[in-house]
Amino acid sequence: ITMNPGYAGRTELPENLKALFRPCAMVVPDFGMICEIMLMSEGFIDARLLARKFITLYTLCRELLSKQDHYDWGLRAIKSVLVVAGSLKRGDKGRPETEVLMRALRDFNI
């Protein structure tokens, strides 16, 4: 069972159901590696540098901006921006990769 009880719209499992499942340890995913691989799969040549910059920006946003519910700096938001960047790259092959990623960030977050 995958649960995100703190996420919007999710509720906590009742105690009698919790007792039926074994706990397991989870680790935080490596956002930088995931971002780099996604950029490579979308056709970006300079994926390592762009992934480092992208994750630095998202980390700073998560830490410095207010903690309101409408801000989502998690993996789901990262993946959505990278998919948009891939479609923009395929649509305009002549544009530099940094501009494509910046445009995806602007279009997705505004």
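# A tour of the helices

Start by colouring this predicted model by pLDDT. Select helix H1, residues 15-18: among the elements of the chain, H1 has the lowest mean pLDDT, 83. Now select helix H2, residues 31-41, which has the highest, 95. Then zoom out. Over the whole chain the average pLDDT is 87, and 91% of the residues score at least 70.

**Stop 1: a charged pair**

Stay with H2 and show the side chain of Glu36. Which residue forms a salt bridge with Glu36? Select Arg48 to see the partner. The closest N and O atoms of the two are 3.1 Å apart. Glu36 sits in helix H2 and Arg48 in helix H3, so pick both helices to follow the link; the two residues are 12 apart in the chain and the pair links distant parts of it. Why can such side chains pair? Side chains of opposite charge can do so when their charged atoms come close. A search of the whole structure finds 8 salt bridges.

**Stop 2: H3 and H5**

Two numbers help from here on. Packed helices are described by the angle between their axes and the distance between those axes.

Select H3 (residues 47-64) and H5 (residues 97-109). Their axes lie 11 Å apart, at an angle of about 30°. Angles under 35 degrees count as roughly parallel, and that makes H3 roughly parallel to H5. The crossing is right-handed.

Now show side chains. On H3, pick Leu50, Phe54, Leu57 and Tyr58. On H5, pick Glu97, Thr98, Leu101, Leu105 and Asn109, which they meet. This contact of H3 with H5 divides into 6 nonpolar, 2 polar and 1 charged residues.

**Stop 3: H4 and H5**

Keep H5 and add H4, residues 75-91. How close do the axes of H4 and H5 come? They come within 8 Å and cross at roughly 125°. That makes H4 oblique to H5. This crossing is right-handed.

Show the H4 side of the contact: Ala77, Ser80, Val81, Leu82, Val84, Ala85, Leu88 and Lys89. Facing them on H5 are Glu97, Val100, Leu101, Arg103, Ala104, Leu105, Asp107 and Phe108. Colour by class, and the contact of H4 with H5 has 11 nonpolar, 1 polar and 4 charged residues.

**Stop 4: H3 and H4**

Hide H5 and bring H3 back beside H4. The axes of H3 and H4 come within 12 Å and cross at roughly 140°. H3 and H4 are therefore oblique to each other. H3 passes H4 in a right-handed crossing.

Select Phe54, Ile55 and Tyr58 of H3, then Ala77, Ile78, Val81 and Leu82 of H4; these residues make the contact. How many of the residues in this contact are charged? There are no charged and no polar residues, and 7 nonpolar.

Definitions and conventions. Residues numbered from 1 in each chain as written. Predicted model: local features only at pLDDT ≥ 70, side-chain atom pairs only at ≥ 80, totals over all residues. Heavy atoms only, no water. Axes fitted to C-alpha atoms, helices over the stretch in contact; angles between N-to-C directions. Helix = DSSP H or I, 4+ residues; strand = E, 2+ residues; numbered from the N terminus. Parallel < 35°, antiparallel > 145°, perpendicular 65-115°, else oblique. Left-handed = near helix turned anticlockwise from the far one by under 90°. Contact = heavy atoms within 4.5 Å. Nonpolar A, V, L, I, M, F, W, Y, C, P; charged D, E, K, R; others polar. pLDDT = per-residue confidence, 0-100. Salt bridge = Lys/Arg side-chain N within 4 Å of Asp/Glu carboxyl O.
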